[in-house]
Amino acid sequence: MKMAVGCVVMVDAATSGVLYSIDRQGNRDTLIINATWGLGTSIVEGQTDADLYTVNKHGDREIVEVRIGRKSSMAIGREDGGVMTIATPDEKSKRSSLDPGQVAELARLALLIEKHFRRPQDIEWAIDGHGSVFILQARPLRQASDDTGMGVASAVVLMRTFS
């Protein structure tokens, strides 16, 4: 598989996470968004209990289920470079890290990316403090029934502004 590598400035993420363009159990009618405050490394590395949004992929992309995670810690960029983990402020830890409009926009972008690559995708994303949505990485979603080995390549695919 061909791979492209791009370099971008670090996104100062207010919220970020991972989304799967189909449910990990193979339900092609819903997509899953995991979200937390700050950088998504805390989700990827399993350091925090993230919010979980299940979205119907058809029609108006209705939010089917929301589970608000504890989000006890969050990763943030350091002014001098690098990343550090801090305790999530109390006023944020129990609050949803995405509003319904952001969930809808992430779902819309996930469907475009899935359509472009013609297979389910595992997508890393971030939203900065101005509301701009950044798709950081998309790769084929590796499923239990997928023995093609196609789940290892990744590509930076697109940046999209959320207003």
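A residue counts as exposed when its relative accessible area is over 50%, as buried when that area is under 20%, and as partly exposed in between. Asp80, at 63% relative accessibility, therefore counts as exposed. The structure discussed here is a predicted model.

## Overall make-up

The protein chain contains three helices and nine strands. Their order along the sequence is β-β-α-β-β-β-β-α-α-β-β-β. The chain has 163 residues, of which 45% count as buried. When contacts between residues at least 6 apart in sequence are taken, 52% of them join residues at least 24 apart. The exposed area of the chain is about 9200 Å², and 52% of it comes from carbon and sulfur atoms.

## Nonpolar cores

The largest nonpolar core has 20 residues; Leu19, Leu31, Ile33, Leu98, Leu106, Ile123 and Trp125 are the ones that touch the most other members. Two or more residues of this core come from each of β2 (30-37), β3 (51-56), α3 (100-117), β7 (121-128) and β8 (133-140). Helix α3 contributes the most, with seven residues. Another core lies apart from this one and has seven residues, including Val18, Tyr20, Ile22 and Ala50.

Leu31 illustrates the surroundings of a residue in the largest core. Neighbours within four places in sequence being left aside, Leu31 is in contact with Tyr20, Ser21, Ile22, Tyr53, Thr54, Val55, Lys57, Ala107, Ala110 and Leu111.

## Strand pairing

Strands β2 and β3 pair in the antiparallel sense over six bridges. Within this pairing, Thr30 has Asn56 of β3 as its bridge partner. Strand β3 is also joined to β4 (residues 63-67), by four bridges and again in an antiparallel arrangement. Here Leu52 has Arg67 of β4 as its bridge partner. β3 and β4 make a hairpin with six residues between them, and Gly59 in the turn has a positive phi of about 65°.

A hairpin is also formed by β5 and β6, with five residues between them; in its turn, Gly81 has a positive phi of about 105°. Five bridges pair β5 (residues 73-77) with β6 (residues 83-87) in the antiparallel sense. Ser73 stands opposite Ala87 in β6.

## Salt bridges

The count of salt bridges comes to eight. Three of the pairs are listed below with the distance between their N and O atoms.

| Residue | Partner | N to O distance |
|---|---|---|
| Glu114 | Lys57 | 3.0 Å |
| Arg78 | Asp80 | 2.9 Å |
| Asp122 | Arg139 | 3.4 Å |

The salt bridge between Glu114 and Lys57 ties together parts that are 57 residues apart in sequence, because Glu114 lies in helix α3 and Lys57 in the loop between β3 and β4. Are these two residues buried or exposed? Glu114 has 15% relative accessibility and so counts as buried. Lys57 is buried as well, with a relative accessible area of 12%. Lys57 was also listed above among the contacts of Leu31.

The pair Arg78 and Asp80 forms a salt bridge with other accessibility values. Arg78 counts as partly exposed because its relative accessibility is 39%, and Asp80 counts as exposed at 63%.

Asp122 and Arg139 meet through their side chains in a salt bridge. This pair links distant parts of the chain, 17 residues apart: Asp122 belongs to strand β7 and Arg139 to strand β8. Asp122 counts as buried, since its relative accessibility is 10%. Elsewhere, Asp49, Arg67 and Arg70 are joined into one network by salt bridges that share partners. Arg67 of this network is the β4 bridge partner of Leu52 mentioned earlier.

## Surface patch

A nonpolar patch on the surface is formed by Val9, Met10 and Val83, which together have about 320 Å² of accessible area. Where does Met10 lie? Met10 is in the segment before β1 (13-20). With 54% relative accessibility, Met10 counts as exposed, because the cut-off for that class is over 50%. Val83, another member of the patch, falls within the residue range of strand β6 (residues 83-87).

Note on methods. Residues numbered from 1 in each chain as written. Predicted model: local features only at pLDDT ≥ 70, side-chain atom pairs only at ≥ 80, totals over all residues. Heavy atoms only, no water. Buried < 20%, exposed > 50% of the residue type's maximum accessible area, 1.4 Å probe, protein only. Contact = heavy atoms within 4.5 Å. Areas by Shrake-Rupley, 256 points an atom, 1.4 Å probe, with all protein chains shown as cover. Patch = residues over 30% accessible without salt bridge, like charges linked within 9 Å, V, L, I, M, F, W, Y side chains within 5 Å. Salt bridge = Lys/Arg side-chain N within 4 Å of Asp/Glu carboxyl O. Core = buried A, V, L, I, M, F, W, Y, C linked by side-chain atoms within 4.5 Å. Pairing = 2+ DSSP bridges.
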